[in-house]
Structures are given as structure tokens and as C-alpha cells.
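Please open the structure in your viewer and keep the selection panel at hand. The stops below take one region after another.

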Amino acid sequence: LEDEKVREINTEDPYHFSINWLDGKKSLYRLSDLQRQCPCVKCSKNRENIRVHPETELLQLVRVGRYGLQLTFNKGCSEGIYPFSLLRD
């Protein structure tokens with residue numbers, strides 16, 4: 001299960017969060033970069049029209065079962081669920 005590979009999720013600052021994986025790797029994510037890759041159906045079909053703001057902040061981060069994360073941003077789309085497999089890549 002993907003979730004078993006995640007040890008810890010931390011908010012680094014208003015624009016970044018990190019995942020510490022069980023194998024010792026630490027991944028740092030910029031929220032604006034993740035929002036640009038939003039996996040929701042609407043954004044997937046209109047990738048070229050996604051408006052991303054460099055000052056995109058995280059309002060809420062929720063684990064979705066063992067599958068991934070739901071990120072709520074202060075601007076733009078917050079519909080996507082980011083699978084841990086995508087975040088790991």
C-alpha cells in the first residue's frame with residue numbers, strides 16, 4: 001500500500017510542504033507546482049488554461065485513505081486528489 005511508504009507530512013512554510021518517506025527520502029513540494037499538475041478531470045482536460053499563482057498557499061491538507069492527499073489552496077482549483085504514487089515520482 002502506498003500509504004505505508006509515508007512516514008511523516010510536514011508544512012514547511014505557507015508555500016511548501018514535505019513528505020518524509022519510510023526509505024529515508026524527503027520530498028519537498030511547492031504548492032504552485034502541484035497545482036499546475038492538478039489531477040482533477042477539469043484541470044486534466046484544460047492543462048494549458050490552469051492559472052497558477054506563485055504565492056499559492058495551503059489552507060488544508062487531508063489524507064485520503066491510503067491513496068493520497070487532498071490539498072485545499074487559497075487560490076485556484078482544489079478539486080484534485082494527489083496520489084502518493086504521483087507525489088513519490
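**A buried serine**

Begin by selecting residues 16-21, which make up strand E2, and pick out serine 18 within that strand; bear in mind throughout that this is a predicted model. Serine 18 has a relative accessible area of 0% and counts as buried, because the cut-off for that class is under 20%. Next add glutamate 12 to the selection and show both side chains, which are joined by a polar contact of 2.5 Å.

**An open sheet**

Now move on to strands E4, E5 and E6, which form an open sheet in that order, with antiparallel pairing. Strand E4 (58-64) and strand E6 (81-83) stand at the edges, and since each has a single partner strand, one side of each is left without a neighbour in the sheet. On average, neighbouring strands of this sheet are turned by 25 degrees against each other, with direction ignored. To look at one pairing in detail, select strand E5 (residues 68-73) together with E6, where 3 bridges join the two antiparallel strands. Leucine 69 can then be centred in the view, with tyrosine 82 of E6 standing opposite.

**The largest pocket**

Finally, select Gln35, Lys42, Cys43, Asn46, Asn49, Ile50, Arg51, Gly76 and Cys77, the residues that line the largest pocket. How much space lies in the largest pocket? The volume is about 150 Å³. If you colour the lining of this pocket by residue class, you should find 3 nonpolar, 4 polar and 2 charged residues, with Gly counted among the polar ones.

Note on methods
Residues are numbered from 1 along each chain as its sequence is written. This is a predicted model: local features need pLDDT of at least 70, side-chain atom pairs count only at pLDDT 80 or more; totals for chains, interfaces and linings use all residues. Side-chain values use heavy atoms; hydrogens and water are left out. On a 1 Å grid over the protein atoms alone, a cavity is a set of points where a 1.4 Å probe fits but cannot get out, and a pocket is an open set with protein on both sides within 12 Å along at least five of seven lines; lining residues have an atom within 4 Å of a point. Grid points are joined across faces, edges and corners, and a volume is the space filled by probe spheres set on the points. Two strands pair if DSSP finds at least two bridges between them. Helices (H or I, at least four residues) and strands (E, at least two) are DSSP runs, numbered from the N terminus. Axes are lines fitted to C-alpha atoms, for helices over the stretch in contact, and angles run from 0 to 180 degrees between N-to-C directions. Buried means under 20% relative accessible area, exposed over 50%, partly exposed in between (1.4 Å probe, protein chains only). A polar contact is a pair of N or O atoms within 3.5 Å; within protein, one must be able to donate a hydrogen and the other to accept it, and residues adjacent in sequence count only if both atoms are side-chain atoms.
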